[in-house]
Structure formats: structure tokens, C-alpha cells
Amino acid sequence: AFRLCTSLRKVRIDAEISVIPNGLFDYCDALESVQLPDSVSVIGSTAFMRCAKLRLRLPAGLVSIGDHAFDGCASLTDEDVVFGDSLEEIGKCAFANCTGLRNLIFPASLTRLSNRSPFDGCTLETVIFRNPVTQEVFLGTPRVEKIVYEGPILARIQFASITEIRTTQLPEESPHFLHRISYPVTVYFAGTREVWDATRYDLTKDSVLICDYDFSSSSPAVSG
């Protein structure tokens, strides 16, 4: 409906709206601000694709974010992209090339995170998984400084470059969950040395620090 409206700058969506249709505002390159009510539960594929100047707040009731929904929205920041506790799905390349993003927290409600580069082209500092990782994850980001897993890991994780991983649990059925990671990497594991040593992870002993579970601190207390 508004595709390629290059003069459109500000939009307010009515409170009764629950779905932002596919491609509604894609390539509106002058669009700076959109007010989305908390009634919006679905943002369709390519809904805001290539809106490079866009700033908005994700609705608290958001359930699904479609493929390429915010691809190329380079002005979005961590303040804008806060995932609520209702979010269940993030599609492929949903936030690709959102170069303003640095830190992400995936809520426990998230059950479908695309493994087809949802954050392709983003350079992230911290990613926190509060949700169970039940399928292979490939965010597409070229670099992440720190990964924190607060839920169980049941599948392998792929990151091109990462310096630190913090986890409370180890995958029972995926012994090679650290897949395609450039080393060196430091792993903080909130468990016992015996549990870690029983795994088959290809890491030197000095790379694994057994620590108390307080991952909110910048440097978890190493317990042995």
C-alpha cells in the first residue's frame, strides 16, 4: 500500500490493528518514525524492509516477525529492538543489515528462530538466549563478543567469530554444539569440572572456566 512512498516520514498505527501486512512500508527510505500499538501481534515479511532511517518500538504483544521484516533498517538501536515475553517467531533475515544493533535478549517464549541469517550483517556485542535452543542456530552475524545461554542447549550453534560463551547447561544430544567457531574462545560453565570433562568438546582446559552462576556480572566468579 505504501511501498516506495519516498515522502512518507511519520506514521501512527491505530490501536485496533493487530497485523502489519507483508511489504506495507518496504523501501520507504524517508520513513523516520512509526508508532505501533501493543495490539500488533504480527509484523509481516518485508513490512519495513530498507527503511534505513526508521526508529520504532516493538509492541509488547508481538508474537511473530516475518522474513526480512526489518532488513536494512540501519537506524534501529537496542532501545528499539526489545523483544517482549510474547514473541514466538523471528523469520529469516528479519533484522539483516540492522547495523545499529549491538545487544539482543531472546525471551523464553521464543520457539522459532530462523537459522537462515536473521541478523546477517550485524556486529553484535552480547546475545542472551533465555529460550531453549532446540534447533541449529545460525544468526548470520559476522561477530559476537559474548553469548549467554540461560536455557538448555539441545542443538549446535554456529558463529563465525566469538570470544566468550556463558552457559548453565550442556547439550545432551549435540556434543559438537560449538560448531564453526573461530578460536580462541573462553567458555564460562556454571557446572562441575567432571561434567565438562565428560564431554567431547574440542577446547583446551585453559579455555573453560568453571564458575558460579551470576552471568549478569562482567566477570563471573571462577569456582575451580
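Mentor: Two strands count as paired if DSSP finds at least two bridges between them. Keep in mind that this is a predicted model.

Trainee: What makes S1 and strand S3 a pair?

Mentor: There are 3 bridges joining S1 to strand S3 (residues 33–35), and at least two are needed, so the two strands pair. They run parallel. One of the links goes from Arg12 to its bridge partner in S3, Gln35.

Trainee: Which sheet is that part of, and in what order do the strands come?

Mentor: The order is S1-S3-S5, an open sheet of 3 strands with parallel pairing.

Trainee: Why do S1 and S5 stand at the edges?

Mentor: Strand S1 (10–12) and S5 each have a single partner strand, so one side of each has no neighbour in the sheet.

Trainee: On to the rings. How many aromatic pairs are there?

Mentor: The structure has 10 aromatic pairs. Take Phe48 and Phe70, with 5.3 Å from centre to centre and 10° between the planes.

Trainee: Why is that pair called stacked?

Mentor: Ring centres must lie within 6.5 Å to pair, and planes under 30 degrees apart count as stacked. Phe48 and Phe70, at 5.3 Å and 10°, meet both cut-offs, so the pair is stacked.

Trainee: What does that pair tie together?

Mentor: Phe48 lies in the loop between strand S4 (42–43) and strand S5 (55–56), while Phe70 lies in the loop between strand S6 (64–65) and strand S7 (89–90), so the pair ties together parts 22 residues apart in sequence. Both Phe48 and Phe70 are buried.

Trainee: How do you know that Phe129 and Tyr149 are stacked?

Mentor: Their ring centres are 5.1 Å apart and their planes stand at 20°, so this pair is stacked too. Phe129 sits in strand S10 (residues 123–129) and Tyr149 in strand S12 (residues 143–149), 20 residues apart.

Trainee: Are Phe129 and Tyr149 buried or exposed?

Mentor: Buried means under 20% relative accessible area. Phe129 has 1%, so Phe129 is buried. Tyr149 also counts as buried, at 1%. Both belong to one aromatic cluster, whose members include Phe2, Phe25, Phe48 and Phe70.

Trainee: Now the charged side chains. What makes Arg50 and Asp71 a salt bridge?

Mentor: The side-chain nitrogen has to be within 4 Å of a carboxyl oxygen. Here the closest N and O atoms are 3.8 Å apart, so Arg50 and Asp71 qualify. Arg50 is in the loop between S4 and S5, and Asp71 in the loop between S6 and S7, 21 residues apart. The search finds 6 salt bridges in the whole structure.

Trainee: Why is Arg50 called partly exposed?

Mentor: Partly exposed covers the range between buried, under 20%, and exposed, over 50%. Arg50 is at 33%, so Arg50 falls in that range. Its partner Asp71 is buried, at 4%.

Trainee: How do you know that Asp80 and Arg55 form a salt bridge?

Mentor: Their closest N and O atoms are 2.6 Å apart, which is within 4 Å, so the pair counts. Asp80 belongs to the loop between S6 and S7 and Arg55 to strand S5, 25 residues apart. Asp80 is buried, with 6% relative accessible area, whereas Arg55 is partly exposed at 35%.

Notes
Residues numbered from 1 in each chain as written. Predicted model: local features only at pLDDT ≥ 70, side-chain atom pairs only at ≥ 80, totals over all residues. Heavy atoms only, no water. Phe/Tyr/Trp six-rings, centres within 6.5 Å; stacked < 30°, edge-to-face > 60°. Helix = DSSP H or I, 4+ residues; strand = E, 2+ residues; numbered from the N terminus. Buried < 20%, exposed > 50% of the residue type's maximum accessible area, 1.4 Å probe, protein only.
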